[in-house]
Each structure stands twice: as C-alpha cells, then as structure tokens.
Amino acid sequence: SVVVMCMTAEEKVAREKRIFDEKMDQFNRRVGFRRLFKALARAKKPMVGHNCLFDLLFLYSHFEGRLPDTLAEFKAALGGLFLELYDTKLIATA
C-alpha cells in the first residue's frame, strides 16, 4: 500500500530533522564502542582480561584494521596499542 502525506513546510522540516536526529543517534551508538576502544589504547594503562585472546582478535579486527597474518605480528601490533596486557587465565595456570 502507498501512504500519501500532506505536510506543511514546517512539518516537513520537523520530520526531516527528526529523521536526521534518529540516524545520528544510531550512528553514535554504532561508533561509541570504537571511541571507547581508541580511548583505552590512548590511555596506555594495563589491560586485564580472562581468556581474552579471541576478544582481542575481535576488537582489533573490528576497530583497528585487518588482522596481521601471524600471531607474532598480531602480538607486536597489539603491543603498540596496549603496553601491558594481562590474561588472568594464563596467570592462574602458569
């Protein structure tokens, strides 16, 4: 079915603004965690996780760029972002 709406110029402007605001809210929600990831990397604070290798792979691939081809290259790239990484599972089993 087709819906035809007759709006005044003011209603049209208000509708376009509402649609734009909704799209900007959606955009900000989507990039919000990327901002958090970048802020964590800039802070250069120790990162602590539990069994976090796959989490780090996911975060790197989604917020930093293409994953390096080898684990050694990935570790070097991650070391450039986070100076200290602690995996509590590895610490507990060591």
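**Close-up views of a predicted protein chain**

**View 1. Overall dimensions of the protein chain in the predicted model.** A compact globule of 94 residues would be expected to have a radius of gyration near 12 Å, whereas the protein chain shown here has 22 Å. Along the principal axes, the C-alpha atoms of the protein chain occupy a box of roughly 70 × 30 × 25 Å.

**View 2. Order of the helices and strands in the protein chain.** The protein chain contains four helices and two strands, and, read from the N terminus, these elements follow one another as α-β-α-α-β-α. When contacts between residues at least 6 apart in sequence are considered, 60% of them join residues that are at least 24 apart.

**View 3. Surface and charges of the protein chain.** About 7,700 Å² of the protein chain is exposed, and carbon and sulfur atoms supply 62% of that area, while 15% of the 94 residues count as buried. The protein chain carries 16 positive and 12 negative charges, and the mean positions of these two sets lie 2 Å apart.

**View 4. The largest nonpolar core.** Eleven residues make up this core, namely Phe37, Ala41, Cys52, Leu56, Leu59, Tyr60, Phe63, Phe74, Leu78, Leu81 and Phe82. At least two residues of the core come from each of helix H1 (9-43), helix H2 (53-63) and helix H3 (71-81), and H2 gives the most, with four residues.

**View 5. Surroundings of leucine 81, one of the residues of the largest nonpolar core.** Leaving aside residues up to four places away in sequence, leucine 81 touches Phe37, Ala41, Lys44, Tyr60 and Glu64. Phe37, Ala41 and Tyr60, which are among these contacts, also belong to the largest nonpolar core.

**View 6. Aspartate 87 in strand E2.** Strand E2 spans residues 85-87 and includes aspartate 87, a residue that counts as buried because its relative accessibility is 13%, which falls under the 20% cut-off. With residues up to four places away in sequence not counted, aspartate 87 touches Gly49, His50, Asn51, Cys52 and Leu53; one of these contacts, Cys52, is also a member of the largest nonpolar core. Lysine 38 lies 49 residues from aspartate 87 along the chain, and the C-alpha atoms of the two residues are separated by 20 Å.

Definitions and conventions
Residues numbered from 1 in each chain as written. Predicted model: local features only at pLDDT ≥ 70, side-chain atom pairs only at ≥ 80, totals over all residues. Heavy atoms only, no water. Rg over C-alpha atoms; globule rule 2.2 N^0.38 Å. Buried < 20%, exposed > 50% of the residue type's maximum accessible area, 1.4 Å probe, protein only. Contact = heavy atoms within 4.5 Å. Areas by Shrake-Rupley, 256 points an atom, 1.4 Å probe, with all protein chains shown as cover. Lys, Arg positive; Asp, Glu negative; His and termini not counted. Charge placed at Lys NZ, Arg CZ, Asp CG, Glu CD. Core = buried A, V, L, I, M, F, W, Y, C linked by side-chain atoms within 4.5 Å.
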